[in-house]
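These exercises are worked through with the sequence and the 3D structure at hand. Read each task, try it on the structure, then compare with the solution.

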Amino acid sequence: MKVTFERVIPNEKSSFRTIHNNSPISEFKWEYHYHPEIELVCVLSGSGTRHVGYHKSNYTNGDLVLIGSNIPHSGFGLNSIDPHEEIVLQFKQEILQFPEQEVEARSIKDLLELSKYGIKFHRKIKKAMIPKLRLILESEGYKRYLLLLEILFELSQSKDYELLNNEIMPYTIISKNKTRLENIFTFVEHNYDKEINIEDVAKLANLTLPAFCNFFKKATQITFTEFVNRYRINKACLLMAQDKSISECSYNCGFNNVTYFNRMFKKYTEKTPSEFMKNFSHNKVNVDLKVEEPKIKIGF
């Protein structure tokens, strides 16, 4: 897993960028990245993985998320299947300067401040925003800018949302430890389906075991064991969505004991594997892997 800086170039004759992704997902790289621009992502329909800051979870039936400046995140086509369609707005906060006496604009300022935690809006809000987001793709000039303000103002008036993180992840945590974290993430990606010895990972990071544990907790806000368990449960959710059996998901994701797998699955999803599979088949599931201690929902 690479952690990259993305350079965002506004559209021609515009102060911000709009993107309409409607191509096969195989044509895109859904990398973990960051950029100074604030980003609004609207997945019109379908399922995939949202990964914003410390938070990682699956979504179904589309998504609408506002991501603050320099908050590391993945493209929302991660782990999705075709057809995948999304509209993305990327803009710098500097283009939204308002006079201090402009009372109506204060809610937008508050919204952008909250976006540093990642804001997931509920389905009703997403549905209401889709016509305006489609219209902004077709608009030009000042009308386009006014539509951006209108979208942000309407979002700022909504209380139908939840914050994805309890703490702000500084991008400096990623940039300063980029290579070491990439090596750790890649190791887990390649080995999550088998037993992982934490001492081997500490050696990979060129740290003693105590130093590695301290480093990983400081960088991600969760322990390495917690991270591996969440990664495995996330993979298990994806396998279940492909109609794999509970035992297959357990053993294919590195759990050697189905009973322990069931316990971990319930801990992180608040559903049993059987409940998850039943709900998913009826398109009702929206899994957020939750953390009990500390109170951050998920790591990388």
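**Exercise 1. Find how strand β7 and strand β9 pair, and name a pair of residues that stand opposite each other.**

Solution. The model is predicted. Step one is to locate the strands: β7 covers residues 63–67 and β9 covers residues 119–121. Step two is the sense of the pairing, which is antiparallel, over two bridges. Step three is the facing residues: Val-65 stands opposite Lys-120 in β9.

**Exercise 2. Give the strand order of the open sheet of six strands, and explain what is special about its edges.**

Solution. Start with the order, which reads β2-β8-β4-β7-β9-β10, with antiparallel pairing. Next look at the two ends of that order. β2 (17–21) and β10 (161–163) each have a single partner strand, so one side of each has no neighbour in the sheet. Last, consider the twist: from one strand to the next it averages 15°.

**Exercise 3. Describe how helix α1 and helix α2 pack on the sheet.**

Solution. Take helix α1, residues 106–114, to begin with. Helix α1 touches β4 (38–45), β7, β8 (85–91), β9 and β10. The direction of helix α1 makes about 115° with that of β9. Now take helix α2, residues 123–138. Helix α2 touches β2, β4, β7, β8 and β9, and its direction makes about 105° with that of β4.

**Exercise 4. Place Ile-130 in the structure and decide whether Ile-130 is buried or exposed.**

Solution. Ile-130 lies in helix α2. Its relative accessibility is 17%. The cut-off for buried is under 20%, so Ile-130 counts as buried. For the surroundings, leave out residues up to four places away in sequence; Ile-130 then touches Cys-42 and Leu-44. A further distance can be checked: the C-alpha atoms of Ile-130 and Leu-64 are separated by 9.6 Å, while the two residues are 66 apart along the chain.

**Exercise 5. Examine the backbone at Lys-13, Asn-79 and Pro-83.**

Solution. Begin with Lys-13, in the loop between β1 (3–5) and β2. Phi of Lys-13 is near 60°, a positive value in a residue other than glycine. With a relative accessible area of 80%, Lys-13 is exposed.

Go on to Asn-79, which is placed in the loop between β7 and β8. Here phi is near 65°, again positive in a residue other than glycine. Asn-79 has a relative accessible area of 29% and is partly exposed.

Finish with Pro-83, located in the loop between β7 and β8. The peptide bond that joins Asp-82 to Pro-83 is cis, with omega near 0°.

**Exercise 6. Classify the ring pair of Phe-185 and Phe-227 and the ring pair of Phe-261 and Phe-265.**

Solution. The structure holds 15 aromatic pairs. In the pair of Phe-185 and Phe-227 the ring centres are 5.8 Å apart and the planes are at 40°, so this pair is tilted. Phe-185 is in helix α5 (residues 178–191) and Phe-227 in helix α8 (residues 224–240), 42 residues apart, so the pair links distant parts of the chain. Both Phe-185 and Phe-227 are buried.

For Phe-261 and Phe-265 the centres are 5.7 Å apart and the planes are at 55°, so this pair is tilted. The two residues are four apart in helix α10 (residues 258–269), and therefore about one helical turn separates them. Phe-261 has 0% relative accessibility and counts as buried; Phe-265, with a relative accessible area of 0%, is buried.

To close the ring survey, trace the cluster that ring pairs form: Phe-185, Tyr-192, Phe-212, Phe-216, Phe-224, Phe-227 and Tyr-231.

**Exercise 7. Which rings have Arg-144 and Arg-232 over them?**

Solution. Arg-144 lies over the face of Phe-16, at 4.4 Å from the ring centre. The charged end of Arg-232 sits over the ring of Phe-255, 5.9 Å from its centre.

**Exercise 8. State the overall figures for the protein.**

Solution. Count the secondary structure: 11 helices and 10 strands. Then take burial: of the 300 residues, 50% count as buried. For the surface, the protein exposes about 14,700 Å², and carbon and sulfur atoms supply 49% of that area. For contacts between residues at least 6 apart in sequence, 72% join residues at least 24 apart.

Methods. Residues are numbered from 1 along each chain as its sequence is written. This is a predicted model: local features need pLDDT of at least 70, side-chain atom pairs count only at pLDDT 80 or more; totals for chains, interfaces and linings use all residues. Side-chain values use heavy atoms; hydrogens and water are left out. Two strands pair if DSSP finds at least two bridges between them. Axes are lines fitted to C-alpha atoms, for helices over the stretch in contact, and angles run from 0 to 180 degrees between N-to-C directions. Contact means heavy atoms within 4.5 Å. Buried means under 20% relative accessible area, exposed over 50%, partly exposed in between (1.4 Å probe, protein chains only). Accessible areas come from the Shrake-Rupley method with a 1.4 Å probe; for residues, only the protein chains shown count as cover. Rings of Phe, Tyr and Trp (its six-membered ring) pair if their centres lie within 6.5 Å; planes under 30 degrees apart count as stacked, over 60 as edge-to-face and the rest as tilted. A charge sits over a ring if NZ of Lys or CZ of Arg is within 6 Å of the ring centre and within 35 degrees of the ring normal.
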